[in-house]
Amino acid sequence: MFAVLKTGGKQYRVASGDVLRVEKIAAEAGDKIQFNDVLMVGNTVGAPLVEDAGVQAEVIDQIKGEKTINFVKRRRKHSSKRTKGHRQQLTLVRITDILEKGAGKSGVMAAVAGAGFVSAAAAAAGKGAPTSKKAAAAAERASQPKKAAKPAAEKKAAPKAEAKKAAPKKAAKADGADDLTRISGVGPVIVGKLHDLGVTTFAQIAAWTPEDVAAMDDKLNFKGRIDRDEWLKQAAEFASE
């Protein structure tokens with residue numbers, strides 16, 4: 001008796017004792033597997049599959065097919081080409097039995113193509129159950145929901161945000177201080193530096209001596225800017241208002 005099975009997107013006509021190469025199956029050498037996508041058994045044709053039919057096989061080895069070379073890019077008249085090699089992963093199996101009925105209760109591991117990651121629900125819904133330790137472990141891992149990532153970034157950001165809110169804002173203007181930005185060339189940054197040096201009023205600037213001006217030039221790194229912009233004259237005018 002023969003059967004026609006489908007695996008890896010291909011169809012195979014098999015009989016008991018046949019050895020064939022199929023797309024990689026998630027099993028180890030020596031494992032017994034069962035193909036459940038059976039299109040035809042003897043004279044019974046499925047629509048599209050034959051219900052409760054199966055083809056059992058023994059895994060001989062995991063192998064690779066012949067190496068193929070494909071052109072990725074070729075430039076005409078330039079003797080330039082790029083090639084890419086590929087060896088298809090295959091599984092060598094020997095057909096041991098063909099079941100017209102009772103495949104669902106056989107207890108033989110279902111043949112799962114590819115890397116073998118199949119959900120527990122899919123394995124239970126399919127005919128047969130995975131009996132290989134490797135396949136069962138893969139099915140269990142795939143069936144478990146992924147753990148939600150811990151919001152570590154949120155935990156780290158929360159103390160910083162709270163500390164930022166709790167920190168008192170620096171006063172933009174000291175108590176009793178004049179608006180020094182009225183002086184030409186003085187901006188908020190320079191005002192902050194002057195406040196740090198204890199200069200907060202126009203009267204203080206107007207009273208600077210040449211030595212004070214030289215010292216402030218060095219501290220503020222102005223290089224004569226105070227004299228060029230006539231800070232003392234402007235400060236005296238604003239102080240007299």
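**Note on the predicted model**

1. The charged end of Arg13 sits over the ring of Phe2, 3.9 Å from the ring centre. The criterion has two parts: NZ of Lys or CZ of Arg within 6 Å of the ring centre, and within 35 degrees of the ring normal.

2. Ground rules. This is a predicted model, in which local features need pLDDT of at least 70, side-chain atom pairs count only at pLDDT 80 or more, and totals for chains, interfaces and linings use all residues. Residues are numbered from 1 along each chain as its sequence is written, and side-chain values use heavy atoms, with hydrogens and water left out.

3. Overall make-up. The protein has 8 helices and 11 strands. Both are DSSP runs numbered from the N terminus: H or I over at least four residues for helices, E over at least two for strands. Of the 241 residues, 29% are buried. Buried means under 20% relative accessible area, exposed means over 50%, and partly exposed lies in between (1.4 Å probe, protein chains only).

4. Surface and contacts. About 16000 Å² is exposed, and carbon and sulfur atoms supply 52% of that area. Areas come from the Shrake-Rupley method with a 1.4 Å probe; for residues, only the protein chains shown count as cover. Take the contacts between residues at least 6 apart in sequence: 60% of them join residues at least 24 apart. A contact is heavy atoms within 4.5 Å.

5. Salt bridges. The whole structure yields 2. The test is a side-chain nitrogen of Lys or Arg within 4 Å of a carboxyl oxygen of Asp or Glu. Lys10 bridges to Glu23, with the closest N and O atoms 2.7 Å apart. Lys10 lies in strand β2 (residues 10-15) and Glu23 in strand β3 (residues 19-23), 13 residues apart. Lys10 is partly exposed at 38% relative accessible area, whereas Glu23 is buried at 17%.

6. Arg21 and Glu66 also meet through their side chains in a salt bridge, at 3.6 Å from N to O. Arg21 belongs to β3, while Glu66 is in the loop between β7 (54-64) and β8 (68-75), 45 residues apart. Arg21 is partly exposed, at 39%. Glu66 counts as exposed, at 56%.

7. Aromatic pair. The search of the whole structure finds 1. Phe202 and Phe238 form a tilted pair, 5.1 Å centre to centre, with 45 degrees between the planes. Rings of Phe, Tyr and Trp (its six-membered ring) pair if their centres lie within 6.5 Å; planes under 30 degrees apart are stacked, over 60 edge-to-face, and the rest tilted. The pair links helix α5 (residues 202-206) to helix α8 (residues 231-239), across 36 residues. Phe202 is buried at 4%; Phe238 is buried at 17%.

8. Helix α8. Which residues of α8 are buried? Trp231, Gln234, Ala235 and Phe238 are. Seen down the axis, they fall within an arc of 100 degrees, so they line one face of the helix. The arc is that of the directions from the helix axis to the C-beta atoms. An α-helix has 3.6 residues a turn, so residues three or four places apart point the same way. The buried residues of α8 pack against α4 (188-196), α5 and α7 (225-228).

9. Helix α6. In α6 (residues 210-220), Val213, Met216, Asp217 and Leu220 are buried. Their arc around the axis is only 105 degrees, which puts them on the same side of α6. Glu211, Asp218 and Lys219 are exposed on the other side. The buried residues pack against α4, α7 and α8. Just after α6, Asn221 takes a positive phi of about 55 degrees.

10. The β6-β7 loop. Ala47 to Pro48 is a cis peptide bond, with omega near -5 degrees. Pro48 lies in the loop between β6 and β7. Leu49 is in the loop between β6 (44-45) and β7, and is partly exposed at 35%. Beyond its neighbours within four places in sequence, Leu49 is in contact with Asp37, Val38 and Leu39. Asp52 is in the loop between β6 and β7. Phi of Asp52 is near 65 degrees, a positive value in a residue other than glycine.

11. The β8-β9 loop. Lys77 is found between β8 and β9 (80-86). Lys77 is not a glycine, yet has a positive phi of about 65 degrees. Lys77 counts as exposed, at 81% relative accessibility.
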